[in-house]
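Reader: I have a model open and want the labels justified. Can we take them one at a time?

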Amino acid sequence: MLFRSDESRSVQSVLDDLTTESNQVSIPVTKAGELIGFVTPAELFFVGAKSRSISKIGQVMDPRSLRVIDSSESAGEALRLLDLHRVSQLVVMGNGMVLGLTNRQSILKKMLEMQSAREAYSLPNPTDDLD
């Protein structure tokens, strides 16, 4: 289950709700039900222990952390945007709807899987013509 939180919640309350089993890289932050950005558990832990109960995650969140890519864009474009904006993930949109999230690890994993499939079936690599 994807954990998310409203911007007005305290850092401490969000940390209390995170489970140790959670492998979530970042936490979607919402305002009135709308996605406004992301914050990582590491960013929350960086807040001093004495300030965690009064600091809100909306104050910790970098508003530039919300970056979007259209589902029709290439994996290469997604990697370029991740680097350009120095974010860990992108929101994938299609037909005006959120389709999901992607990150560098999932993109590279899928690219490796595709390369392995091409090699297994002796299919040409579409990037070979770029040379």
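Author: Start with a cut-off: helix axes at an angle over 145 degrees count as roughly antiparallel. Keep in mind that this model is predicted.

Reader: What makes H4 and H5 roughly antiparallel to each other?

Author: The axes of H4 (residues 75–85) and H5 (residues 104–120) cross at roughly 155 degrees. The cut-off is over 145. Therefore the pair counts as roughly antiparallel. The crossing is left-handed.

Reader: Which residues make the contact of H4 with H5?

Author: H4 brings Ala 75, Ala 78, Leu 79, Leu 82 and Asp 83. H5 brings Arg 104, Ile 107, Leu 108 and Met 111. By class, seven are nonpolar, two are charged and none is polar.

Reader: Why are Asp 83 and Arg 104 not among the nonpolar residues?

Author: Asp and Arg count as charged, so Asp 83 and Arg 104 fall in that class.

Reader: What lines the largest pocket, by class?

Author: The pocket holds about 270 Å³ of space. Of its 14 lining residues, the closest to the centre are Asp 62, Arg 64, Ser 65, Arg 86 and Val 87. The lining has three nonpolar, six polar and five charged residues.

Definitions and conventions: Residues numbered from 1 in each chain as written. Predicted model: local features only at pLDDT ≥ 70, side-chain atom pairs only at ≥ 80, totals over all residues. Heavy atoms only, no water. 1 Å grid on protein atoms, 1.4 Å probe; cavity = no way out; pocket = protein on both sides within 12 Å on 5 of 7 lines; lining within 4 Å. Points joined across faces, edges and corners; volume = space filled by probe spheres on them. Axes fitted to C-alpha atoms, helices over the stretch in contact; angles between N-to-C directions. Helix = DSSP H or I, 4+ residues; strand = E, 2+ residues; numbered from the N terminus. Parallel < 35°, antiparallel > 145°, perpendicular 65-115°, else oblique. Left-handed = near helix turned anticlockwise from the far one by under 90°. Contact = heavy atoms within 4.5 Å.
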